[in-house]
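Please load the model in your viewer and keep the selection panel at hand. The stops below say what to select next and what is to be found there.

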Amino acid sequence: MTKKPDILILSPWYDVAMAELDEHFTVHKLWEAKDPAALLASLRDTCVGIADSKVCDAATMDALPNVKVIAHHGVGYDGVDVAAATARGIKVSNTPDVLSDEVADFAIALTMATCRRIPQADRYVREGRWEREGDMTFTHRVWGRKIGILGLGRIGIEIAQRCAAFKMDIAYHTRTRKDVPYKHYASLVDMARDVDILIAIVPGGDSTKHIVNREVLDALGPNGTLINVARGSVVDEDALIAALKDGRLGAAGLDVFADEPRVPQALKDMTENVVLQPHQASATHDTRLAMGRLVMENLLLGIAGKPLVTPVN
Ligand code: NAP
Ligand code: 8YV
């Protein structure tokens, strides 16, 4: 029997989907290795594919010179050094589309949770406060309010369509105007000033780093809500904490953070106007299986020297 090709997984994803890789590959898992450097050295000549769910840097590519493809688990590939891969002739793929509806659902859920204070209300009941203190204070409506979507790509458009069902007044900010019936803002600050809720769903990386800064947060204002389902790097986290502390920003619902899985204590301490989630917008069994299978397809094609299903470079 011929040996299955060696692949290296740098960081894990859904275990059910990862297990399917065994049918086609001899799978090596870097995070399980007692000595990761020794594992890399042992695979130097034979490893033909890399998969990851977070980061893949140039040093790893140099350690495995026969790699033909890097299959990233996730649509956002800001953790992969794509320029380094391209320079080395390595193909890179991601997992777009199969998660768009899931992430859009979650963006709406987080918006509802934050504005209607659903986690806080759950605690109110559990802590016996309903019985002791009576009804909880009022919350803010979501339906019919003005929403600004930062990024109107595959996921942003799905969020917009869900917002339409909530009878919301929809605007968006992107670098280029899209052919959609929503108001385009060339300036993010101007949009933030005009809306009640700002949802960030742009890619990470240099072009969007701290695009949601103090000026944007101040424009959103004391009655405004920020929802971040994009990347932690998109929001200036220090400015966000300061704005929430000072009452210059009303509330925030956050699925992503600057230094995951570490979350600043200041955000954890804000229990009344901040809802925190562990980067789980796409994390359902169904969608993670679909993402995992796309990783597998791209690995098979890349190793066979064929065009990828969802190429990045
Ligand atoms: P996409 O289809 O590539 O859309 C990206 C959108 O962002 C486009 O409308 C683009 O329009 C806009 N954009 C890009 N750079 C911008 C900039 N500098 N300023 C303003 N707008 C900019 O991507 P997608 O599939 O919707 O995914 C978006 C991102 O969501 C991913 O890259 C990932 O980081 C994040 N995400 C997070 C989760 C989670 O678990 N929380 C899950 C999935 C995805 P223009 O090019 O016209 O500017
Ligand atoms: C994943 C994501 O949680 O697709 C993305 O860009 O952020 C999420 O779907 C992440 O990529 C882990 O694999």
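Begin with ligand 2 in this predicted model and colour its surrounding shell by residue class, which gives three nonpolar, six polar and two charged residues. To build the selection, take Ser53, His73, Gly74, Val75, Gly76, Leu99, Arg231, His279, Ser282, Arg288 and Met291, the residues that surround ligand 2. Then draw the distances from the oxygen atoms of the ligand: an oxygen of ligand 2 is 2.8 Å from a side-chain N or O atom of His73, while an oxygen of ligand 2 is 2.7 Å from a polar backbone atom of Val75. At Gly76, a backbone N or O atom lies 2.8 Å from an oxygen atom of ligand 2. If you compute surface areas, ligand 2 taken alone exposes 320 Å², of which the protein buries 87%.

Next select ligand 1, which 27 residues surround, the closest being Arg154, Arg175, Thr176, Lys178 and Asp255. Coloured by class, the shell of ligand 1 divides into twelve nonpolar, ten polar and five charged residues. Which backbone positions are worth a distance label here? A polar backbone atom of Arg154 is 2.9 Å from an oxygen atom of ligand 1, and a polar backbone atom of Ile155 is likewise 2.9 Å from an oxygen atom of this ligand. On the nitrogen side, a nitrogen atom of ligand 1 is 3.3 Å from a polar backbone atom of Ser207. Taken alone, ligand 1 exposes 920 Å², and the protein buries 89% of that area.

From there, select helix H8, residues 154-165, and pick out Glu158 within it. Is Glu158 buried or exposed? Glu158 counts as buried because its relative accessibility is 19%, and the cut-off for that class is under 20%. Beyond residues up to four places away in sequence, Glu158 touches Ser100, Asp101 and Ala104.

Now move to helix H11, residues 237-246, where Glu237, Ala239, Leu240, Ile241, Ala243 and Leu244 are buried. An α-helix has 3.6 residues a turn, so residues three or four places apart point the same way. To see what the buried residues of H11 pack against, add helix H10 (214-220), strand E10 (225-228), strand E11 (251-254), helix H12 (265-269) and strand E12 (274-276) to the display. Both ends of the helix deserve a closer view: at the start of H11, a side-chain oxygen of Asp236 reaches to within 3.2 Å of the backbone nitrogen of Asp238, and just after H11, Gly247 takes a positive phi of about 75 degrees.

With H11 still in view, show the largest nonpolar core, which has 34 residues, with Val212, Leu226 and Leu240 making the most contacts inside it. Helix H9 (188-194), strand E9 (197-200), H10, H11, E11 and H12 each supply at least two residues of this core, and the largest share, five residues, comes from H11. Centre on Leu226 and leave aside its neighbours within four places in sequence: the residues in contact with Leu226 are then Leu198, Val212, Leu217, Leu220, Val235, Leu240, Leu249, Ala251, Ala252, Gly253 and Leu254. A second, separate core of 29 residues can be selected next, with Val103, Ile155, Ile199 and Met291 among its members.

The remaining stops are in loops. Select His210 in the loop between E9 and H10, where this residue, although not a glycine, has a positive phi of about 55 degrees. His210 counts as partly exposed because its relative accessibility is 32%. Not counting residues up to four places away in sequence, His210 touches Ser233, Val234, Val235 and Asp236. A C-alpha to C-alpha label from His210 to Gly232 should read 8.7 Å, for two residues that are 22 apart in sequence.

Then go to Arg117, in the loop between helix H5 (100-115) and helix H6 (118-126). Phi of Arg117 is near 55 degrees, a positive value in a residue other than glycine, and Arg117 counts as buried because its relative accessibility is 15%. Finish at Pro261 in the loop between E11 and H12, where the peptide bond from Glu260 to Pro261 is cis, with omega near 5 degrees.

Note on methods: Residues are numbered from 1 along each chain as its sequence is written. Chains are lettered from A and ligands numbered from 1 in the order in which they are written. This is a predicted model: local features need pLDDT of at least 70, side-chain atom pairs count only at pLDDT 80 or more; totals for chains, interfaces and linings use all residues. Side-chain values use heavy atoms; hydrogens and water are left out. Buried means under 20% relative accessible area, exposed over 50%, partly exposed in between (1.4 Å probe, protein chains only). Helices (H or I, at least four residues) and strands (E, at least two) are DSSP runs, numbered from the N terminus. Contact means heavy atoms within 4.5 Å. A polar contact is a pair of N or O atoms within 3.5 Å; within protein, one must be able to donate a hydrogen and the other to accept it, and residues adjacent in sequence count only if both atoms are side-chain atoms. A nonpolar core is a set of buried Ala, Val, Leu, Ile, Met, Phe, Trp, Tyr and Cys residues joined through side-chain atoms within 4.5 Å. A residue is near a molecule or strand if one of its heavy atoms lies within 4 Å of it. Accessible areas come from the Shrake-Rupley method with a 1.4 Å probe; for residues, only the protein chains shown count as cover. Ala, Val, Leu, Ile, Met, Phe, Trp, Tyr, Cys and Pro count as nonpolar, Asp, Glu, Lys and Arg as charged, and the others, Gly among them, as polar.
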